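Hi,

Here is the structure I said I would pass on. Have a look at it first, and my notes follow underneath.

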Amino acid sequence: WSMRFNKNAPIDEDKTAPIPGGSCPQFVAPEYFGSLTVGWDGFAADLWASGLMLYSMVVSSEALFMAPVQEDKTFVELCVKGNVTDCVKKFVNSTKRDEIVLSDELVVLLETMLQADPKKRYSLDEVMDHPWVKSEAVMAPSVW
């Protein structure tokens, strides 16, 4: 899902945020809900959504917040404070699942992709150059 590729979203040269076109507010970047005086960066917003998808894949669950707003305590814990490890532990405890172990490199990657402040969020180049992404232990399946 990407707001940048929503064919119904208005394109505005002054970099204001487009109207979200999806149905899941989790994937709408937090800067959309806050002050837009920082300008809209569609690439940063896409990195936000990609970070949530990566989190969902490695934890086998959504990020467990309703929308990226300051009133949502889980969002603040995960994306403002950057407590990925604590949020995963709380998820495991609340669902009675087996322990989920994330490498330190993966935690750093998630914390930077899910950073609420788009100016502190990793760029695509930084993500692609990250040690966890470049690790030989992270491989695409050879057979689909």
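A question to start with: leaving aside neighbours within four places in sequence, which residues is V84 in contact with? The list is Y55, L78, L102, V107, L110 and E111. Before you read much into any of this, keep in mind that the model is predicted.

**Overall layout**

The protein chain has seven helices and zero strands, so read along the sequence the pattern is simply α-α-α-α-α-α-α. Of its 144 residues, 39% are buried. If you take the contacts between residues at least 6 apart in sequence, 51% of them join residues at least 24 apart. As for the surface, the chain exposes about 9,100 Å², and carbon and sulfur atoms supply 56% of that area.

**The core**

V84 also turns up in the largest nonpolar core, which has 31 residues. V84 is among the residues with the most contacts inside this core, along with W48, Y55, L78 and C79. Four helices each supply at least two residues of the core: α2 (42–59), α3 (73–80), α4 (84–95) and α5 (104–113). The one that gives the most is α2, with eight residues.

**One aromatic pair**

I searched the whole structure for aromatic pairs, and there is one. The partners are W48 and F75, with ring centres 6.1 Å apart; their planes sit at 65°, over the 60 degrees needed, so the pair is edge-to-face. It links distant parts of the chain, since W48 belongs to helix α2 and F75 to helix α3, 27 residues apart. Both partners are hidden from the probe: W48 is buried with a relative accessible area of 0%, and F75 is buried with 1%.

**Cysteines, but no disulfides**

What about disulfides: how many does a search of the whole structure find? Zero. Take C79, one of the core residues with the most contacts. The closest cysteine sulfur to its own is in C87, 7.7 Å away, and a disulfide needs the two within 2.5 Å, so this is too far for a bond. Seen from the other end, the closest cysteine sulfur to that of C87 is in C79, again at 7.7 Å and too far for a bond. C79 counts as buried, at 1% relative accessibility, and so does C87, at 8%.

**A buried arginine**

The last residue I'd point you to is R121, in the loop between α5 and α6 (124–128). Is R121 buried or exposed? Buried, with a relative accessible area of 6%. Its side chain reaches two backbone oxygens: that of Q115 at 2.9 Å and that of A116 at 3.2 Å. Not counting residues up to four places away in sequence, R121 touches a long list of others: A29, P30, E31, A44, A45, L47, W48, T112, M113, Q115, A116 and E126. Notice W48 in there, the residue from the aromatic pair.

If you open the model in a viewer, W48 is a handy place to begin: W48 is among the core residues with the most contacts, pairs with F75 and is touched by R121.

Cheers

Conventions:
Residues are numbered from 1 along each chain as its sequence is written. This is a predicted model: local features need pLDDT of at least 70, side-chain atom pairs count only at pLDDT 80 or more; totals for chains, interfaces and linings use all residues. Side-chain values use heavy atoms; hydrogens and water are left out. A nonpolar core is a set of buried Ala, Val, Leu, Ile, Met, Phe, Trp, Tyr and Cys residues joined through side-chain atoms within 4.5 Å. Buried means under 20% relative accessible area, exposed over 50%, partly exposed in between (1.4 Å probe, protein chains only). Contact means heavy atoms within 4.5 Å. Accessible areas come from the Shrake-Rupley method with a 1.4 Å probe; for residues, only the protein chains shown count as cover. Rings of Phe, Tyr and Trp (its six-membered ring) pair if their centres lie within 6.5 Å; planes under 30 degrees apart count as stacked, over 60 as edge-to-face and the rest as tilted. A polar contact is a pair of N or O atoms within 3.5 Å; within protein, one must be able to donate a hydrogen and the other to accept it, and residues adjacent in sequence count only if both atoms are side-chain atoms.
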